[in-house]
Amino acid sequence: MGQLTNKIDFTVVFSVRNANPNGDPLNGNRPRQDFEGYGEISDVCIKRKLRNRLQDMGEKIFVQSNERVDDGYKSLRDRADGIEDLAKILKDKAKDADKYAQVACENWIDTRSFGQVFAFKGSDLSVGVRGPVSIQTAVSVVPIDITTMQITKSVNSVTGDKKGSDTMGTKHFVDFGVYVFNGSINVQLAEKTGFTEDDALKIKEALRTLFENDASSARPDGSMEVLKVFWWKHPSKLGKYSSAKVHKTVEVEAKTDRPRSVADFNITVTPLEGIELEEIDGQ
């Protein structure tokens with residue numbers, strides 16, 4: 001498939017049960033909340049999951065997690081310098097920043113999707129790439145309840161540790177919540193990074209399977225589930241409607257004051273004239 005020619009908007013609805021979807025390191029790693037008690041998951045966290053899914057799908061990723069490194073490089077600089085064409089640009093007196101950005105986008109799908117800043121200590125070249133795929137913070141539909149569980153260690157960490165094996169700790173998780181986040185794909189920026197129609201389809205599939213292969217002690221398998229992906233394709237580059245208007249057509253409402261399951265929510269979407277909508281069930 002060729003260059004992206006139509007603006008795209010999307011909305012993702014997902015559920016969380018007995019899991020910590022995104023701990024706040026400044027608040028004892030409790031699940032993130034705003035001042036009104038609504039749960040939050042940062043856009044950075046969502047992009048990390050998207051990168052992981054794209055990597056699972058066989059795509060080359062620049063910003064890899066340390067535990068997921070698949071090319072042997074131990075830092076972003078090593079990974080960038082490992083591309084021969086990028087290394088040549090750094091050695092060239094002209095140091096063409098546009099060419100550097102082009103080669104980087106050609107090599108890594110996350111760079112041409114989300115953008116990237118290439119600015120390393122000791123380097124004379126600083127390159128910024130603006131990506132066409134933007135992601136908003138996920139917010140729960142209603143305020144969330146957080147449970148804190150006391151946990152103990154069954155063994156000392158090191159021999160001779162003065163603390164007993166019953167040292168107390170805590171674990172936090174969301175009892176149940178339904179979250180929503182929105183995003184868009186900008187055609188003008190896609191043209192600059194070389195983001196294609198095929199890349200857009202890969203992003204859509206990554207959204208549909210967002211929590212696959214994402215299990216941890218904080219997020220056991222099955223504790224987070226994509227319910228719906230709404231994918232709008234505009235008839236033009238600039239779009240027929242603003243992204244805000246498109247995203248507002250999706251309404252997720254709780255049917256009770258204390259929803260405890262997906263069945264306690266209504267998910268509806270109002271069609272907009274002249275724009276193609278694809279409604280996708282999660283995996």
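Helices (H or I, at least four residues) and strands (E, at least two) are DSSP runs, numbered from the N terminus, and the legends below use these element names for a model that is predicted.

**View A. The largest nonpolar core and the elements that build it.** This core has 38 residues, and those with the most contacts inside it are Phe10, Phe14, Phe181, Ile185, Leu207 and Trp231. At least two residues of the core come from each of the strands β1 (8–19), β7 (133–135), β10 (168–185) and β11 (224–233), and likewise from each of the helices α1 (43–56), α5 (109–114), α6 (187–193) and α7 (197–208). Strand β1 gives the most to this core, with six residues. Apart from the largest core lies another, which has 17 residues and includes Ile83, Ala104, Phe120 and Leu125. In soluble globular proteins, nonpolar side chains tend to be buried together.

**View B. Two asparagines with positive phi, Asn18 and Asn213.** Most residues other than glycine have a negative phi. Asn18, which has its place in strand β1, nevertheless shows a phi near 50°, while Asn213, found in the loop between α7 and β11, has a positive phi of about 60°. With a relative accessible area of 44%, Asn18 is partly exposed, because that class lies between the limits of 20% for buried and 50% for exposed.

**View C. Arg219 and its surroundings in the loop between α7 and β11.** Arg219 has a relative accessible area of 18% and is therefore buried, since the limit for that class is under 20%. The side chain of Arg219 makes a polar contact, at 3.1 Å, with the side chain of Asp214. When neighbours within four places in sequence are left aside, the residues in contact with Arg219 are Ala19, Asn20, Pro21, Lys49, Asp214 and Met224; Asp214 thus appears both in this list and as the partner in the polar contact.

**View D. The cysteines Cys45 and Cys105.** A disulfide is a covalent bond between the sulfur atoms of two cysteines. When a disulfide is taken as a pair of cysteine sulfur atoms within 2.5 Å, the count for this model comes to zero. Cys45, at 13% relative accessibility, counts as buried, and Cys105, at 3% relative accessibility, likewise counts as buried, because both values fall under the 20% limit.

Conventions:
Residues are numbered from 1 along each chain as its sequence is written. This is a predicted model: local features need pLDDT of at least 70, side-chain atom pairs count only at pLDDT 80 or more; totals for chains, interfaces and linings use all residues. Side-chain values use heavy atoms; hydrogens and water are left out. A nonpolar core is a set of buried Ala, Val, Leu, Ile, Met, Phe, Trp, Tyr and Cys residues joined through side-chain atoms within 4.5 Å. Buried means under 20% relative accessible area, exposed over 50%, partly exposed in between (1.4 Å probe, protein chains only). A polar contact is a pair of N or O atoms within 3.5 Å; within protein, one must be able to donate a hydrogen and the other to accept it, and residues adjacent in sequence count only if both atoms are side-chain atoms. Contact means heavy atoms within 4.5 Å.
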